[in-house]
Amino acid sequence: MIHRKGHSVASALLFILLIAHLLLPPLAWLGSAAGFPLGNLFSSEGVRWYYLHIQDCYRSPFMAVVFPVVVLVLGAIERSGLFGIIKDSISKGVPFLTYRQRKACLMAGTFLLLYLAGMLLLLLGPHAILLSVTGHLYPSPFVSGILQTMSLGFVLTSLLYAVLSFHLRGWEECLSVLYWGIQRYDVWILISMLAVQLYNALCYVWNGA
């Protein structure tokens with residue numbers, strides 16, 4: 001039921017965003033024609049701006065967070081069965097786990113700790129190759145890729161738990177951990193892209209560039 005309600009909300013948001021995308025160009029044109037300092041998306045400059053910035057929704061910092069962190073990580077945790085354990089831990093305290101689940105949690109947790117330790121070695125080791133050439137933490141390769149690297153660690157941890165606990169069987173089911181979030185939250189990815197593109201268009205219109 002929660003899944004159906006979530007898709008109902010997403011469908012409503014998607015409809016609103018599409019209507020806003022359709023209404024913004026004519027409203028901006030009418031506003032500029034009336035003498036307001038608004039950017040005209042129907043002008044040659046507006047068309048050039050739109051084509052130059054049409055890929056901004058893919059490269060935006062917001063999408064860099066939504067896709068790897070929200071979509072991939074949450075999808076992997078949900079598909080692997082870890083979501084149920086976390087939910088039971090919050091609502092009921094210590095959940096009941098079978099021997100295989102406890103062993104899988106231990107192995108997956110150990111892998112995650114080793115993964116984090118490896119990142120720290122690359123950051124704090126003798127050569128510290130993830131620091132900048134001047135030895136600073138920001139800006140550095142570590143800061144640039146921290147979200148994607150951490151997301152990969154959680155996805156691999158979820159995959160390891162799903163395999164060791166026999167929650168998923170067969171290579172096809174196990175590989176679904178990697179793309180379950182895309183399948184589960186596909187409409188939210190589209191909503192995020194449209195929202196970023198609408199925000200950029202609104203900034204162009206409002207600035208009157």
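## A colleague's note on the helix packing

1. Let's start with helix 8, where the buried residues pack against helix 4 (61–80), helix 7 (141–164) and helix 9 (186–207). Those buried residues of helix 8 are Cys174, Ser176, Val177 and Gly181. Please keep in mind as you read that this is a predicted model.

2. Helix 8 covers residues 171–184, and its length is worth a quick check. With 14 residues at 1.5 Å a residue, helix 8 should span 20 Å, and its end C-alpha atoms are 19 Å apart, so the two values agree. Do note the bend in helix 8, though: about 60 degrees, at Leu178.

3. Next comes the pairing of helix 7 with helix 8. Their axes are 10 Å apart and the packing angle is about 155 degrees. Because angles over 145 degrees count as roughly antiparallel, helix 7 is roughly antiparallel to helix 8. The crossing of these two helices is right-handed. On the helix 7 side the contact is made by Val155, Ser158, Leu159, Ala162 and Val163, and on the helix 8 side by Cys174, Val177 and Leu178. Two of the names on the helix 8 side have come up already: Cys174 and Val177 are among the buried residues of helix 8, and Leu178 is where helix 8 bends.

4. Helix 7 itself deserves the same length check. Its 24 residues, at 1.5 Å a residue, should span 34 Å; the end C-alpha atoms of helix 7 are 33 Å apart, so this agrees as well. You will also find a kink in helix 7, about 45 degrees and centred on Leu147.

5. Which residues of helix 7 are buried? They are Phe142, Gly145, Ser151, Gly153, Val155, Thr157, Ser158, Leu159, Tyr161 and Ala162. Their cover includes helix 4, helix 5 (82–92), helix 6 (99–124) and helix 8.

6. If you would like one residue to click on, try Ser158, which sits in helix 7. Its relative accessible area is 1%, and because anything under 20% counts as buried, Ser158 is buried. Setting aside neighbours within four places in sequence, Ser158 is in contact with Ala76, Ile77, Ser80, Leu82 and Val177. One of these partners, Val177, is a buried residue of helix 8.

7. Helix 6 is another partner of helix 7. The two pack with axes 9 Å apart, at an angle of about 160 degrees, and are therefore roughly antiparallel to each other. Their crossing is right-handed. From helix 6, the residues making this contact include Arg100, Gln101, Ala104, Cys105, Phe111 and Tyr115. From helix 7, they include Phe142, Ile146, Gly153, Thr157 and Tyr161. Of those, Phe142, Gly153, Thr157 and Tyr161 are also among the buried residues of helix 7.

8. Just past helix 7, have a look at the backbone. Helix 7 is followed by Phe166, which is placed in the loop between helix 7 and helix 8. Most residues other than glycine have a negative phi. Phe166 has a positive phi, near 60 degrees, and is not a glycine. Is this residue buried, exposed or partly exposed? Phe166 is partly exposed, since its relative accessible area is 40%.

9. Helix 9 also pairs with helix 2 (residues 44–52). The axes of these two helices come within 11 Å and cross at roughly 150 degrees, so helix 2 and helix 9 are roughly antiparallel to each other. The crossing is right-handed. Helix 2 contributes Glu45, Gly46, Trp49 and Tyr50 to the contact, while helix 9 contributes Gln197, Asn200, Ala201 and Tyr204.

10. Finally, two leucines in helix 1 (residues 2–33). Leu27 lies in this helix, and Leu22 has its place there too. Leu27 counts as exposed because its relative accessibility is 52%. Leu22 counts as exposed as well, at 61% relative accessibility. Two C-alpha separations may help you orient yourself on screen. Leu27 and Tyr58 are 31 residues apart along the chain, with 26 Å between their C-alpha atoms. Leu22 and Leu38 are 16 residues apart along the chain, with C-alpha atoms separated by 17 Å.

Definitions and conventions. Residues numbered from 1 in each chain as written. Predicted model: local features only at pLDDT ≥ 70, side-chain atom pairs only at ≥ 80, totals over all residues. Heavy atoms only, no water. Helix = DSSP H or I, 4+ residues; strand = E, 2+ residues; numbered from the N terminus. Expected span 1.5 Å × (residues − 1). Bend = angle between axes of the 7 residues up to and from the residue. Buried < 20%, exposed > 50% of the residue type's maximum accessible area, 1.4 Å probe, protein only. Contact = heavy atoms within 4.5 Å. Axes fitted to C-alpha atoms, helices over the stretch in contact; angles between N-to-C directions. Parallel < 35°, antiparallel > 145°, perpendicular 65-115°, else oblique. Left-handed = near helix turned anticlockwise from the far one by under 90°.
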